[in-house]
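Reader: I would like to learn how to read the features of a model like this one. Could you take me through it step by step?

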Amino acid sequence: KLFHLGMFEIGRPLGKGKFGRVYLARERNSNFICALKVLYKSELQHGSGVEKQVRREIEIQSNLRHPNILKLYGHFHDSKRIFLILEFAGKGELYKHLRKENRFPEWKAAQYIAQMASALRYLHRKHVIHRDIKPENILMGIHGEIKISDFGWSVHAPKNRRATLCGTLDYLPPEMIRSGSKDNYYNEKVDLWSLGVLTYEFLVGEAPFYEEHAPLTQRRIARADMTIPEWVSKEAKDLIRKLLVLDPEDRLPLEEVQTHPWIIKHCVKGGDRAVKATK
Ligand SMILES: O=C(Cc1cc(-c2ccc3c(-c4nc5ccccc5[nH]4)n[nH]c3c2)n[nH]1)Nc1cccc(F)c1
């Protein structure tokens with residue numbers, strides 16, 4: 001209730017999230033620094049799916065506590081606006097770092113994927129499917145740790161829903177783009193596919209199924225039609241190939257992602273010796 005009483009000093013805009021703008025903010029009493037997101041109720045058509053989606057996002061994100069998931073500390077509203085008190089991520093948007101560096105070295109990509117696997121395990125244990133894992137939805141903390149920041153498409157599993165998706169197709173798994181089939185049934189294994197796409201994009205600098213025209217992207221996804229450049233290490237290739245598998249049941253479980261030789265090699269002290277020992 002601290003925030004309700006205190007007032008915020010608003011700093012510079014941090015970015016235009018969906019629905020609203022996010023500002024650097026400091027809570028006067030405590031000097032607590034946060035990211036304050038302002039959503040205009042007028043922009044959330046009453047009774048529309050959007051209002052329900054915002055409510056669900058608040059519900060989901062308020063109950064999550066994990067170092068690699070951006071915290072939603074609280075929310076409040078006035079007659080016109082809804083305010084979200086979000087964790088401030090000191091190093092901003094991950095995709096900007098990716099675009100600037102073009103691609104990440106294997107040790108950095110492996111550490112990010114290990115953190116994502118840890119966050120996804122936490123979400124799946126709470127029966128939350130994220131469904132929208134992509135660089136644009138990841139922020140970076142002051143120590144370089146990454147934080148999943150957007151739960152706009154997350155749902156409680158299992159869900160039979162016709163997801164009207166917008167934005168990039170690149171990260172969608174085959175079972176979510178397979179149109180026509182009445183039951184768009186899928187489960188948390190959709191996040192394993194997206195983790196594979198993320199691994200590829202971190203290492204190669206572009207998405208594995210990217211095509212100029214969406215129908216071509218869809219076709220390549222449906223066939224898991226990708227080529228991994230030969231300069232990617234064989235351990236990294238192995239992990240990507242075990243996540244970008246058409247049958248959701250055959251995708252590598254998160255527990256095995258965290259113990260994969262590529263992850264061990266880069267994330268555990270002496271991990272490379274451990275991997276050599278398995279040779
Ligand atoms: O909309 C979001 C996700 C979201 C988070 C953010 C966001 C954007 C930027 C930042 C930053 C940040 N740190 C920076 C450092 C340097 C440069 C830019 C930076 N942005 N920290 N925390 C943030 C949080 N925008 N949108 N959540 C949400 C939750 C409940 C309901 C709802 F409608 C939305």
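Author: Gladly. Helices and strands here are DSSP runs, numbered from the N terminus, with at least four residues for a helix and at least two for a strand. One caution before we begin: this is a predicted model.

Reader: Then let me start with a loop. Where is His127 placed?

Author: His127 sits in the loop between helix H4 (106-125) and strand E6 (128-129).

Reader: What is noteworthy about the phi of His127?

Author: The general idea first: most residues other than glycine have a negative phi. His127 is not a glycine, yet its phi is positive, at about 55 degrees. This positive phi comes just after H4.

Reader: Is His127 buried or exposed?

Author: The cut-off for exposed is over 50% relative accessible area. His127 has 53%, so it counts as exposed.

Reader: Which loop holds Arg131, and what is its phi?

Author: Arg131 belongs to the loop between E6 and strand E7 (138-140). Its phi is positive too, about 70 degrees, although Arg131 is not a glycine. Buried means under 20% relative accessible area, and Arg131 is buried because its value is 3%.

Reader: Now the helices. How do I read the span of H4?

Author: The idea is to compare the distance between the end C-alpha atoms with the span expected at 1.5 Å a residue. For the 20 residues of H4 the expected span is 28 Å, and the end C-alpha atoms are 28 Å apart, so the two agree. As for burial, 15 of the 20 residues of H4 are buried, so the rest of the structure largely encloses this helix.

Reader: What does helix H6 show by the same reading?

Author: Helix H6 (residues 190-204) has 15 residues and reaches 21 Å from its first C-alpha to its last, close to the 21 Å expected. Here 15 of the 15 residues are buried, so H6 is largely enclosed by the rest of the structure. Just after H6, Gly205 has a positive phi of about 95 degrees.

Reader: Let us turn to the ligand. How many residues surround the ligand, and which are the closest?

Author: There are 21 residues around the ligand, and the closest are Lys37, Glu57, Glu87, Ala89 and Ser149.

Reader: Which polar atoms come up to the ligand from Lys37, Glu57 and Glu87?

Author: Lys37 places a polar side-chain atom 2.5 Å from an oxygen atom of the ligand. Glu57 has a polar side-chain atom 3.4 Å from a ligand nitrogen atom. For Glu87 a polar backbone atom is involved, 2.8 Å from a nitrogen atom of the ligand. Taken alone, the ligand exposes 680 Å², and the protein buries 91% of that.

Reader: Which elements give two or more residues to the shell around the ligand?

Author: They are strand E1 (8-16), strand E3 (32-40), helix H2 (49-62) and strand E5 (81-86). H2 gives the largest share, 4 residues. By residue class, the shell divides into 13 nonpolar, 4 polar and 4 charged.

Reader: Last, the cysteines. How many disulfides does a search of the whole structure find?

Author: In general, a disulfide is a covalent bond between the sulfur atoms of two cysteines. The search finds 0 disulfides. Cys34 is buried, at 0% relative accessibility, while Cys267 is partly exposed, with a relative accessible area of 32%.

Definitions and conventions. Residues are numbered from 1 along each chain as its sequence is written. This is a predicted model: local features need pLDDT of at least 70, side-chain atom pairs count only at pLDDT 80 or more; totals for chains, interfaces and linings use all residues. Side-chain values use heavy atoms; hydrogens and water are left out. A residue is near a molecule or strand if one of its heavy atoms lies within 4 Å of it. A polar contact is a pair of N or O atoms within 3.5 Å; within protein, one must be able to donate a hydrogen and the other to accept it, and residues adjacent in sequence count only if both atoms are side-chain atoms. Accessible areas come from the Shrake-Rupley method with a 1.4 Å probe; for residues, only the protein chains shown count as cover. Ala, Val, Leu, Ile, Met, Phe, Trp, Tyr, Cys and Pro count as nonpolar, Asp, Glu, Lys and Arg as charged, and the others, Gly among them, as polar. A disulfide is a pair of cysteine sulfur atoms within 2.5 Å. Buried means under 20% relative accessible area, exposed over 50%, partly exposed in between (1.4 Å probe, protein chains only). The expected span of a helix is 1.5 Å times one less than its number of residues.
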